[in-house]
Amino acid sequence: MKLCPGITTNRGASALRLKPVSTGNTGVDIGTILRDIRKEKKLTLQQVSSIAGVHSNTVYRIENSLHDSSFAVVEKVAAALGYEVELMEVKNIDRGKKWR
């Protein structure tokens, strides 16, 4: 399933894979993706927050890009939806170094 440039899911693996973007500084809005998945599963903010063990306001703020959450919190929300977040590659554009 293609979600947006740079992001695909494999429903069998239930993983959100953040793939490197080769041109531009488009960024990836993981909150929008998580919101779309939550709505597709017909879950409320309260249900997801309860499963994830975080406050419903935190889930709302992540979904609406109003919160600079740690990766751990985003992972909890994704796990509550039955997904895992996998960072594929981070590349320093200035130096050409790759981090995995």
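Ser65 follows helix α3 and has a positive phi, near 55°. Gly82, just after α4, likewise takes a positive phi, of about 90°. Helices here are DSSP runs of H or I with at least four residues, strands are runs of E with at least two, and both are numbered from the N terminus.

The model is predicted, so local features need pLDDT of at least 70 and side-chain atom pairs count only at pLDDT 80 or more, while totals for chains, interfaces and linings use all residues. Residues are numbered from 1 along each chain as its sequence is written, and side-chain values use heavy atoms, with hydrogens and water left out.

**The chain as a whole**

The chain contains 4 helices and 6 strands. Read from the N terminus, its elements follow the order β-β-β-α-α-α-α-β-β-β. Of the 100 residues in the chain, 33% are buried; this term means under 20% relative accessible area, with exposed meaning over 50% and partly exposed in between, for a 1.4 Å probe and protein chains only. Among contacts (heavy atoms within 4.5 Å) between residues at least 6 apart in sequence, 46% join residues at least 24 apart.

**Buried faces of two helices**

The table lists the buried residues of α3 and α4.

| Helix | Buried residues |
|---|---|
| α3 (residues 56-63) | Ser56, Thr58, Val59, Ile62, Glu63 |
| α4 (71-80) | Val73, Val74, Val77, Ala78, Ala80 |

Seen down the axis of α3, its buried residues fall within an arc of 160°, so they line one face of the helix. The buried residues of α4 cover an arc of only 160° around the axis, which puts them on the same side of α4. The arc is that of the directions from the helix axis to the C-beta atoms. An α-helix has 3.6 residues a turn, so residues three or four places apart point the same way. The cover over the buried residues of α3 includes α1 (30-40), α2 (45-52) and α4 (71-80).

**How α2 meets α4**

The axes of α2 and α4 come within 8 Å and cross at roughly 115°. Axes are lines fitted to C-alpha atoms, for helices over the stretch in contact, and angles run from 0 to 180 degrees between N-to-C directions. The crossing angle makes α2 roughly perpendicular to α4, a term for angles of 65 to 115 degrees. On the α2 side, Val48, Ile51 and Ala52 make the contact, and on the α4 side Lys76, Val77 and Ala80 do. These residues divide into 5 nonpolar, no polar and 1 charged. Ala, Val, Leu, Ile, Met, Phe, Trp, Tyr, Cys and Pro count as nonpolar, Asp, Glu, Lys and Arg as charged, and the others, Gly among them, as polar.

Definitions and conventions: Parallel < 35°, antiparallel > 145°, perpendicular 65-115°, else oblique.
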